[in-house]
Amino acid sequence: MDSRLPLLTVETVVFPGLVLPLPITDTQGRAVVRDLVENGGELVCGAIAVRDGYELGDRVFRSLYGTGCAATISEITLEAGDDGPVEITLTGNRRFKVDQLDSTGDYLLADVEWLPEELGDDPLGTATIAVERFRRYAAAVTEISRPGLHIGSLPDDPGTLSYLMSAATTLLTPERQKLLEAPDTTTRLAQLIGLLDSELAAITAIPSLPDTDMSWSTMHPN
């Protein structure tokens, strides 16, 4: 995989293995998809979450996080009469850290450093605790919200499991970003345990949630 990626700036955090439908509404994003299609080959880009931003005419100015996820575009949905894609489907692949940005073209290009997937000190033990908390969280959400959060069998691999639960838990973007940036699987799972404990405490104190889609996407094995 190339270490220079065209960047899609997105409103959520994309995790490795996550399959995510994503609307493309800005000029830069459409240009990324257009060029990938015209150049042929694998449709790979970098997906990186927005801290904040604003629009000025046809240009979008955004402050971005420094860590993102390379992703493959598997589907492009076009709208009749429109000259660009309105929705794509992304599959997260590998995490990266941005080394340098090139903003001279129609969209951002990034030279990236690929981040390793380290297990940490106790991935299996920490995963056991995290799964117990996650099942309690899913049961609590399902009890107070429809359609709820229904889970079946979970993957055995701690790394895949950590990303799946990170994607499935309702969190703010900074919290999701911290999980993406975790240095290893054990650390990510430990962070999830703390976040799930906080969510469970909040549900117990105020047993209602905002009207939001709690479903989670199918994870795609790398």
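**Contacts, pairs and bridges in the predicted model**

Setting aside neighbours within four places in sequence, T185 touches E118, L119, P123, P158, G159 and S162, a contact being heavy atoms within 4.5 Å. T185 itself sits in helix α5, residues 185-205; helices (H or I, at least four residues) and strands (E, at least two) are DSSP runs, numbered from the N terminus. With a relative accessibility of 3%, T185 falls in the buried class, where buried means under 20% relative accessible area, exposed over 50%, and partly exposed in between (1.4 Å probe, protein chains only). All of this comes from a predicted model, in which local features need pLDDT of at least 70 and side-chain atom pairs count only at pLDDT 80 or more, while totals for chains, interfaces and linings use all residues. Residues are numbered from 1 along each chain as its sequence is written, and side-chain values use heavy atoms, with hydrogens and water left out.

Next come the aromatic rings. The model has three aromatic pairs, counting rings of Phe, Tyr and Trp (its six-membered ring) whose centres lie within 6.5 Å, with planes under 30 degrees apart called stacked, over 60 edge-to-face and the rest tilted. For F15 and Y163, the ring centres are 6.2 Å apart and the planes meet at 40°, so this pair is tilted. F15 belongs to the loop between β1 (4-10) and β2 (19-23), and Y163 to helix α3 (residues 158-168), so the pair ties together parts 148 residues apart in sequence. Both partners are tucked away: F15 is buried at 0% relative accessibility, and Y163 is buried at 4%.

A tryptophan also turns up at the end of a strand. W114 is part of strand β7, residues 109-114, and is buried, with a relative accessible area of 17%. Its C-alpha atom is 7.6 Å from that of S3, although the two positions lie 111 residues apart along the chain.

As for cysteines, the structure holds zero disulfides, the requirement being a pair of cysteine sulfur atoms within 2.5 Å. Why does C45 go without a bond? The closest cysteine sulfur to that of C45 belongs to C69 and is 9.5 Å away, which is too far. C69 is likewise in no disulfide, with the sulfur of C45 as its nearest cysteine sulfur. C45 is buried at 0% relative accessibility, and C69 is buried at 0% as well.

Charged side chains give a longer story. A search of the whole structure finds eight salt bridges, each being a side-chain nitrogen of Lys or Arg within 4 Å of a carboxyl oxygen of Asp or Glu. One of them joins R4 and D102, with N and O 2.8 Å apart. This bridge links distant parts of the chain, since R4 is in strand β1 and D102 in strand β6 (residues 85-102), 98 residues apart. R4 is partly exposed at 33% relative accessibility, and D102 is partly exposed at 21%.

Another bridge pairs R34 with D106, at 3.6 Å from N to O. R34 comes from helix α1 and D106 from the loop between β6 and β7, so parts 72 residues apart in sequence are tied together. Relative accessible areas of 37% for R34 and 49% for D106 put R34 and D106 in the partly exposed class.

Then there is R133, whose salt bridge to D197 has its closest N and O atoms 2.6 Å apart. Here helix α2 (residues 123-144) supplies R133 and helix α5 supplies D197, a link between distant parts of the chain, 64 residues apart. R133 is buried, with a relative accessible area of 19%, whereas D197 is partly exposed at 31%. The R133 and D197 pair does not stand alone: salt bridges that share partners join E132, R133, R136 and D197 into one network.

Finally, the surface carries a nonpolar patch of about 270 Å², made by V37, I76 and L78. Patches are built from residues with over 30% relative accessible area and no salt bridge, joining like charges within 9 Å and nonpolar side chains (Val, Leu, Ile, Met, Phe, Trp, Tyr) within 5 Å; the areas come from the Shrake-Rupley method with a 1.4 Å probe, and for residues only the protein chains shown count as cover. V37 is located in helix α1, residues 27-39, and is partly exposed at 46% relative accessibility.
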